[in-house]
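Trainee: I have a protein model open and I'm not sure how to read it. Can we walk through some features together?

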Amino acid sequence: MNVGIIGGGTMGSGIAQVAATSGCKVKLYDTNQAALDKAKGSLEKVLLRLIEKGRIDTSEKDRIQTNIAYVSNLKDLADSNLTIEAIVENLDIKKKVFSELESYVAEDCIIASNTSSLSIASIAAALKKPERCVGIHFFNPAPLMKLVEVIPAIQTSKEVLEKSIQTIKDWKKIVAVAKDTPGFIVNRVARPFYGEALRIYEEGVADFATIDHSLKSLGGFRMGPFELMDFIGNDVNYTVTETVFTAFYFDPRYKPSFTQKRFSEAGYLGRKSGKGFYDYDANGRIVIPSDAKESQDEKLAQQIFNRVLVMLINEAADALFLNIASAEDMDIAMTKGVNYPKGLLAWADEKGIDWCVEKLDALYNEYHEDRYRCSPLLRKMNRENITFF
């Protein structure tokens with residue numbers, strides 16, 4: 001298969017590595033020659049590290065590198081069977097690129113976008129053959145993260161969807177099929193992990209370190225929400241939240257936080273700026289102040305964990321209620337896309353649907369905010385005494 005990748009940044013070059021490793025002939029396109037040179041150099045370093053770790057040998061390294069050509073003319077992608085765009089999250093720019101690309105490639109070439117939040121239907125509308133367009137959303141770093149969300153637009157043909165799913169599976173990735181709605185699965189369902197943690201902080205319930213400790217020690221999350229926001233970048237994470245909030249017609253469940261907005265405005269972006277919710281040393285490690293005291297209040301930690309968890313479960317249940325994805329794909333997406341210790345719907349079964357409804361109703365009764373409304377699906381399941389799995 002001939003694969004064209006548009007965008008020589010971290011994501012584009014990562015997808016190129018995945019496709020080339022699977023035996024595809026790849027052309028990585030970017031208008032910026034410096035970006036292409038950087039992508040080529042980065043791949044060399046990655047493959048050398050894999051040799052050091054004994055994952056591949058020299059001949060495999062040469063095979064992967066030979067499978068990738070670096071091009072600066074969009075016309076060079078004309079022989080592609082599949083193209084994947086991984087450029088700036090700007091709808092107008094994506095539409096312009098797709099419209100030009102369509103004039104070069106064959107009629108049966110699949111044109112895919114790696115967008116994490118934009119409407120696939122809107123992108124497809126720029127094409128003369130919109131049925132060939134589909135969302136294929138990788139997670140960073142693409143070579144390491146197992147999950148790929150495949151998102152059919154309402155225009156996408158069944159054949160294109162099936163071919164896209166099979167191709168990604170052939171690339172040894174796990175596929176979760178999602179409806180074309182803001183945030184798809186992962187970026188939608190994960191919002192409470194950040195949003196509710198920020199709300200808990202803003203209410204003065206606990207500091208950043210205590211909230212992070214609660215989620216890691218009791219929930220088994222690899223990183224706490226504030227560590228993760230610093231890792232992602234407060235500017236990036238805030239923008240995604242604001243985008244999802246706007247796209248859902250200002251549903252209060254996705255309301256952004258003034259705390260994160262102010263940190264972003266101040267340039268406290270996290271690891272990349274050396275300061276975010278935490279301070280970082282030159283090696284990107286958190287600097288723990290000598291007078292820091294992490295709360296050891298077990299009851300408080302349990303309250304924090306329960307509150308964030310039940311909000312995550314509620315979001316997953318509501319996404320299932322609205323047919324965003326199957327229950328199986330929902331849980332696969334969260335465990336393989338963002339490394340959650342358990343699927344949220346399986347977690348709901350474990351805690352008990354009655355427990356979920358009780359906790360959500362308690363929050364709603366306290367705040368009377370629509371943010372805490374219980375999903376109709378959870379209520380129905382509680383009445384009928386049924387579980388997700």
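Trainee: Let's start with a single residue: in which loop does Asn323 lie?

Mentor: Keep in mind that this is a predicted model. Asn323 lies in the loop between α13 (298–321) and α14 (327–337). Look at its backbone too: phi is positive there, about 60°, although Asn323 is not a glycine.

Trainee: Is Asn323 buried or exposed?

Mentor: Exposed, because its relative accessibility is 55% and the cut-off for exposed is over 50%. Now compare Asn339, in the loop between α14 and α15 (344–351). Asn339 also has a positive phi, about 55°, without being a glycine. With a relative accessible area of 27%, though, Asn339 counts as partly exposed.

Trainee: What about odd peptide bonds? Which residues does a cis peptide bond join?

Mentor: Go to Asn140 and Pro141, where omega is about -5°. Pro141 belongs to the loop between β6 and β7 (147–152).

Trainee: Okay, aromatic rings next. How do I describe two rings that pair up?

Mentor: You give the distance of the centres and the angle of the planes. A search of the whole structure turns up 18 aromatic pairs here. Take Phe263 and Tyr268: their centres are 5.9 Å apart with 70° between the planes, an edge-to-face pair. Phe263 counts as buried, at 17% relative accessibility, while Tyr268 is partly exposed at 33%. For a stacked pair, try Tyr367 and Tyr372, at 5.0 Å centre to centre and 25° between the planes. Tyr372 is buried, with 0% relative accessibility.

Trainee: Which residues do ring pairs link into a cluster?

Mentor: Phe193, Tyr194, Phe221, Phe305, Tyr340 and Trp347. Select those and you'll see the cluster on your screen.

Trainee: And where does a charged end sit over the ring of Tyr367?

Mentor: That's Arg199, whose charged end is 5.1 Å from the ring centre of Tyr367. You can find a lysine example too: Lys351 lies over the face of Trp355, 4.6 Å from the ring centre.

Trainee: Now strands. Why is β1 described as largely enclosed?

Mentor: Four of the five residues in β1 (residues 2–6) are buried, so the rest of the structure largely encloses this strand. As a general idea, side chains in a regular strand alternate between the two faces of the sheet. Here β1 runs parallel to β2 (residues 25–29), and five bridges join the two strands. To trace one of them, start at Val3 and look for its bridge partner Val26 in β2.

Trainee: Last topic: pockets. How much space lies in the largest pocket?

Mentor: About 1500 Å³. It has 41 lining residues, and those closest to its centre are Met11, Phe139, Asn140, Ile232 and Val236. You've met Asn140 already, at the cis peptide bond. Helix α11 gives the largest share of this lining, five residues. By class, the lining has 22 nonpolar, 14 polar and five charged residues.

Trainee: What volume does the second largest pocket have?

Mentor: About 960 Å³. Its lining has 37 residues, and Gly14, Gln17, Val46, Pro143 and Leu144 are the closest to the centre. The largest share comes from α2, with 10 residues. Sorted by class, you get 18 nonpolar, 10 polar and nine charged residues.

Notes
Residues are numbered from 1 along each chain as its sequence is written. This is a predicted model: local features need pLDDT of at least 70, side-chain atom pairs count only at pLDDT 80 or more; totals for chains, interfaces and linings use all residues. Side-chain values use heavy atoms; hydrogens and water are left out. Rings of Phe, Tyr and Trp (its six-membered ring) pair if their centres lie within 6.5 Å; planes under 30 degrees apart count as stacked, over 60 as edge-to-face and the rest as tilted. Buried means under 20% relative accessible area, exposed over 50%, partly exposed in between (1.4 Å probe, protein chains only). A charge sits over a ring if NZ of Lys or CZ of Arg is within 6 Å of the ring centre and within 35 degrees of the ring normal. On a 1 Å grid over the protein atoms alone, a cavity is a set of points where a 1.4 Å probe fits but cannot get out, and a pocket is an open set with protein on both sides within 12 Å along at least five of seven lines; lining residues have an atom within 4 Å of a point. Grid points are joined across faces, edges and corners, and a volume is the space filled by probe spheres set on the points. Ala, Val, Leu, Ile, Met, Phe, Trp, Tyr, Cys and Pro count as nonpolar, Asp, Glu, Lys and Arg as charged, and the others, Gly among them, as polar. Two strands pair if DSSP finds at least two bridges between them.
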